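Work through the exercises below with the sequence and the coordinates at hand. Each task is followed by a solution in steps.

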Amino acid sequence: MYQQAKYDEPLLNEIKGEEEKEISVDVPDKLKRSSLNIPNLEEWQVVRHYTRLSQMNYGVDINTYPLGSCTMKYNPKLNEEIAKWFSYLHPYQEESTVQGALQIMYELQEMLKKITDMDDFTLQPAAGAHGEFTGMLLVRAYHEYKGELEKRRNVLLPDSAHGTNPASAAMAGFNVIEIPSNEKGMVDLEALEAATDDTTAAFMITNPNTLGIFEEEILEIAKIMHKNGALLYYDGANLNAIMGITSPGIMGFDIVHLNLHKTFSTPHGGGGPGSGPVGVRGELVDFLPVPIVRYDGEKYYLDYDVKHTIGKVRSFYGNFGVMVKAWAYIKRLGGEGLKNATIRAVLNSNYLKERIKGYYELPHKDLRKHEFVVKPKNARALDVAKRLLDFGVHAPTVYFPLIVHEALMIEPTESENKETLDKFADIMIQIAKEAEENPKLLEEAPHNTAIKRVDDVLAARKPVLSWKDKR
Amino acid sequence: MKDMDDMLKYLGMNSWEELFSDIPKDVWKKGIDIEAMDEISVYRYAKELAAKNKDIFDMPNFLGAGIYTHYIPPAVLEIVGRSEFYTSYTPYQPEISQGMLQVQFEYQSVIAELTGMDVANSSMYDAHTSLGEAARMAYRINRRKEVLVPENLYWEKESVLKNYIAGLGMSIKKYPLNERGMVALDKLQELISEDTAMVYVENPNFFGVIDEGVDEIKEMMGKAIYTIGVNPLSLAVLKPPADYGADIVIGEGQILGNPISFGGPLLGIFATRKQYVRKMPGRLIGETVDADGRRAFVMTLQTREQHIRRGKATSNICSNEALCAVFSVAFVAYYGANGLKELAKKNMDNARMLMEKLRNAGFNAPIFDAKHFNEFLVELPKNPHEISKELLKHGVHGGLPINAGCYRNVPNSMLLATTEMIREEDMDKLVSALKEVS
């Protein structure tokens, strides 16, 4: 059995340090600060504090991390090392002094084009949702340019969509209309056709969708959109399922965002930083944010001359440090390696699904891509998730997608082999049995982590959001 | 691989292609035309590319303009390099993620201490997007649509702001600065109206000026939201914005311990008053207890967020800059209050030393008669972009060139930043090179 480290670790401000000192500084008297409540510690105290905290945390370097739609694949150490060599560059340095950095961005843009079959890319968005927002700004600018923004107020999306999709569309000023899924877990084509007209700005979809099901009618979907003058948007969070097999470009998408921190192996950092490049086709290239890196045959340069650019969505050029890691990953694997990663990810997902489907309910069809969704037969998804932690594996995504009640959304990624998948499947099966024989084990889980189950109701009812708010 | 064959057999499949039998044949792709490289070749190639750059250790530079090259202590890198931190996802399972949750809670606390505000979120993407989110939050609070910004707001920040508020139909109006490069209070007063959603003031501002009028603005606000943009390091020595009435404080957290990394990843600081907490964007970590009554941390007030609220969320942000927040809290812990004050002072002292050297060489520096933090404008006799290129021949990189006409009352000039990375010999190099090329 697993046992996580467990320290009664104080908060930083509870560690005793040296007294605060006054210093004299040249600032206007009325704006001078009187004191600052941050402890004065020795380096070893700081390092011990955070090292102990790190031991009460779980990363993909420890074990299986099958969070659905999060693609928690292994983060190769080579990439981490290389990124450090670019740490001390300022983005406003003269181009002649940053040719290497610009070349990496340029090569990454070119490689992403080949992977997705899109015409051009911006690397500026800082995360997947930020890429979606950028995409929606492009949709706005495109329809505005055509003189149709006034009437094209609606963005359609399936009811299985990631939560960021409707949030991003709404942030860009669109009304959001949900299209129901059919009994096969795919977009209901009739409903989509009925909802699409000259008020439609775009349809946002991820393919395969969040159930891990490939939308087989994708070409028909593209036709419906384009016939009505609307754009088709690809949420690339799930690209790990199709890389090298098909591409958003071939499927007829106009705009795509990718998550370098998912498909392209850069670490998630406990929530970020990510990087969400956006690729476009056809006329849309004229609307991309500035700058874009170009090569004139001799040198790399930043091109600010994009005809109808939307301007900027973030400062500078994006999360460069993340780009370097993704660049190294793609260089290392090459096209064939990326395709093999996809095959392995889809094989792992289907194998795991097949191993556990006798013990959990599998809604909709059988063949899945990189992820699949099941529900427990006789327990809450939350309790299964907490019990999994006791075995030293991370839980799947729970309660998403919303169209499956008590959903457990499982994405093993390619970074597992038969042995680790079998172990995970055995644990899932054991928990299904425990749910029948000894449900308390689940309800009181976890037992082996740094703390027992948290009281999240109390956290929300009486928010304590900093050490200044003592309970 | 053997285990692949076994797994396919278990699935009753003869080949991997069957895994993709649901993908119509007419959308299959003929592979991806990218050559693979072995690990040593990638390493070597990346080394070659890194060698094509000149970073601050190869050639001193005086660039700032919102992000700054500070020294990152190895202790900080060691802490952030713990793979339990950097290979973890968003802490959706708090029981197995207490380490990261406590670090994020400490980050929120440190930002609350520095800014004086009640609550800080656990990060936005950068200062620019924090500004966009602040304007959207102001709209949620008062339903007004005009944002007042200083006339020297950098164009990149203005562009990001414009994109963030376009969907709400909000607009931007600029207020002037006075002859000392500070907010022209009387003019600002005239511009504030019942349409004003938010007034944005930077302190120190884009020209590096510490604005002495910031404590006279709150009383003009009425229902408008008062948002301050800060350099968090300056708050080691400057009064926290909460003390002069800020409703929202934003800033660039990169300054606290994050590598400058060619402009990203960065760290958007976002803090506000408790009364507005449910209107705020971004993730929040709260303290609570576990089933045994022990102190515990958990993501909280999530009904504001996209995964619950979808189209009605306060923001679409999901992945944030959590690891950058780890850099920042480790950096703050490493220096402590005393170390941070000394560091801020060193940055200010360097600016003053460089100003003096420039004046002694006959340059007008700073252009504005004000106290500056670690950045200021120096006037130049000709096109500053040309000068910037010519400086390279003398082995030194200048600051951000600013053409005459970009800003009212600002001639051809250069915005020079002086962190603790700048040595006196670097300043001498810059001053003599500037003299030569001017």
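**Exercise 1.** In this predicted model, determine which strands of chain B helix α11 lies across, and at what angle α11 runs to β11(B).

Solution. Locate helix α11 of chain B at residues 384–392. This helix lies across β11 and β12 of chain B. Fitting axes and taking the N-to-C directions, the angle between α11 and β11(B) is about 150°.

**Exercise 2.** Give the strand order of the open sheet that contains β10, β11 and β12 of chain B, and state its pairing.

Solution. Step 1: the order is β10-β12-β11, and the pairing is antiparallel. Step 2: identify the edges. Strands β10 (375–379) and β11 (400–402) of chain B each have a single partner strand, so each has one side without a neighbour in the sheet. Step 3: from one strand to the next, the twist averages 25°.

**Exercise 3.** Find how many bridges join β10(B) to β12 of chain B, and which residue stands opposite B:Phe376.

Solution. Strands of a sheet pair through backbone hydrogen bonds, in a parallel or antiparallel way. Here β12 covers residues 413–417 of chain B, and five bridges join this strand to β10(B). The two strands run antiparallel. Within this pair, B:Phe376 has B:Leu416 of β12(B) opposite.

**Exercise 4.** Check the length of helix α5 of chain B against the expected span, then decide whether its residues are buried or exposed.

Solution. Step 1: α5 of chain B runs over residues 98–115, which is 18 residues. Step 2: the expected span is 1.5 Å times one less than the number of residues. For α5 of chain B this should give 26 Å, and the end C-alpha atoms are 25 Å apart, which agrees. Step 3: a residue counts as buried if 20 or more other C-beta atoms lie within 10 Å of its own. By this criterion 18 of the 18 residues of α5(B) are buried, so the helix is largely enclosed by the rest of the structure. Step 4: look just past the helix, where B:Gly116 has a positive phi of about 80°.

**Exercise 5.** Describe chain B as a whole: what fraction of its residues is buried, and how many helices and strands does it have?

Solution. Chain B has 438 residues, of which 60% count as buried. Its secondary structure comprises twelve helices and twelve strands. The C-alpha trace spans about 80 × 55 × 50 Å along the principal axes of chain B. Among contacts in chain B with a separation of 6 or more, 72% are between residues 24 or more positions apart.

Technical notes:
Residues numbered from 1 in each chain as written. Chains lettered and ligands numbered in written order. Predicted model: local features only at pLDDT ≥ 70, side-chain atom pairs only at ≥ 80, totals over all residues. Pairing = 2+ DSSP bridges. Helix = DSSP H or I, 4+ residues; strand = E, 2+ residues; numbered from the N terminus. Axes fitted to C-alpha atoms, helices over the stretch in contact; angles between N-to-C directions. Contact = placed C-beta atoms within 7 Å. Buried ≥ 20, exposed ≤ 12 C-beta atoms within 10 Å, placed from the backbone.
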